[in-house]
Amino acid sequence: GIKTSHFASFPEYLVVQIKKFTFGLEWVPKKLDVSIDMPDILDISYLRAKGLQPGEEELPEIAPPIIIPDDPRDRMRNHFVEPVEVDESAVMQLAEMGFPLEAC
């Protein structure tokens, strides 16, 4: 099967962000020389949803339960959350590559 997404409605203004940076060798940020010609009027009407089409079936809206325990180590209160063991050497390797410590 193929999963597609369409818009139920369009905003008055559509903001498009062009990717201007990427990571080069050794994870060094590199600015891209990007130039895109945009028309004055952009027709994206083909992205508007037309409702359920023949042969399609609507997917059920099932969301996993959101579990926010007071203390993730308290297994008696919540058996869904396992304690996380942090590998300090892996964290330091990521930090040395240039990732912010908060993101490791």
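## A walk around the pocket, the loops and the patch

By class, the lining of the largest pocket breaks down into 7 charged, 6 polar and 4 nonpolar residues. Keep in mind as you click around that this is a predicted model.

**Stop 1: the pocket.** Select Thr4, His6, Leu52, Glu56 and Glu57. Of the 17 residues that line the largest pocket, these lie nearest its centre. The volume here comes to about 580 Å³.

**Stop 2: the whole chain.** Zoom out and switch to cartoon. You should find 2 strands and 1 helix, and reading from the N terminus the order is β-β-α. Strand 1 covers 21-23, strand 2 covers 29-31, and helix 1 covers 88-96. Now colour by accessibility: how many of the 104 residues count as buried? Just 3% of them do.

**Stop 3: the loop between the strands.** Select Glu26 and Trp27. Glu26 is found in the loop between strand 1 and strand 2, and Trp27 lies in that loop too. Check the backbone angles while you're there. Glu26 has a positive phi of about 55°, and Trp27 has a positive phi of about 60°; neither Glu26 nor Trp27 is a glycine. That's worth a pause, because most residues other than glycine have a negative phi. Next, look at the side chains. Is Glu26 buried or exposed? Its relative accessibility is 73%, so Glu26 counts as exposed. Trp27, with a relative accessible area of 44%, is partly exposed.

**Stop 4: Pro29, and a jump along the chain.** Step on to Pro29, which sits in strand 2. Pro29 has a relative accessible area of 58%, so this one is exposed. Add Gly98 to the selection and draw a C-alpha to C-alpha distance: you'll get 9.8 Å, for a pair 69 residues apart in sequence.

**Stop 5: Leu47 and Ala8.** Move into the loop between strand 2 and helix 1, where Leu47 lies. Leu47 has 25% relative accessibility; since exposed needs over 50% and buried means under 20%, Leu47 counts as partly exposed. Now pick Ala8 as a partner. Leu47 and Ala8 are separated by 39 residues in sequence, yet their C-alpha atoms are 8.9 Å apart in space.

**Stop 6: the nonpolar patch.** Turn on the surface and select Leu14, Val16, Ile18, Ile36, Met38 and Leu42. Together they make a nonpolar surface patch of about 560 Å². Pick out Val16 from this group: where is it in the chain? Val16 belongs to the segment before strand 1. With 55% relative accessibility, Val16 clears the 50% cut-off and so counts as exposed.

**Last look.** Show the patch residues, including Met38 and Leu42, alongside the residues nearest the pocket centre, among them His6 and Glu57. Then bring back Glu26 and Trp27 with their positive phi angles, and you have the main stops of the tour on one screen.

Technical notes. Residues are numbered from 1 along each chain as its sequence is written. This is a predicted model: local features need pLDDT of at least 70, side-chain atom pairs count only at pLDDT 80 or more; totals for chains, interfaces and linings use all residues. Side-chain values use heavy atoms; hydrogens and water are left out. Patches are made of residues with over 30% relative accessible area and no salt bridge: like charges are joined within 9 Å, nonpolar side chains (Val, Leu, Ile, Met, Phe, Trp, Tyr) within 5 Å. Accessible areas come from the Shrake-Rupley method with a 1.4 Å probe; for residues, only the protein chains shown count as cover. A salt bridge is a side-chain nitrogen of Lys or Arg within 4 Å of a carboxyl oxygen of Asp or Glu. Helices (H or I, at least four residues) and strands (E, at least two) are DSSP runs, numbered from the N terminus. Buried means under 20% relative accessible area, exposed over 50%, partly exposed in between (1.4 Å probe, protein chains only). On a 1 Å grid over the protein atoms alone, a cavity is a set of points where a 1.4 Å probe fits but cannot get out, and a pocket is an open set with protein on both sides within 12 Å along at least five of seven lines; lining residues have an atom within 4 Å of a point. Grid points are joined across faces, edges and corners, and a volume is the space filled by probe spheres set on the points. Ala, Val, Leu, Ile, Met, Phe, Trp, Tyr, Cys and Pro count as nonpolar, Asp, Glu, Lys and Arg as charged, and the others, Gly among them, as polar.
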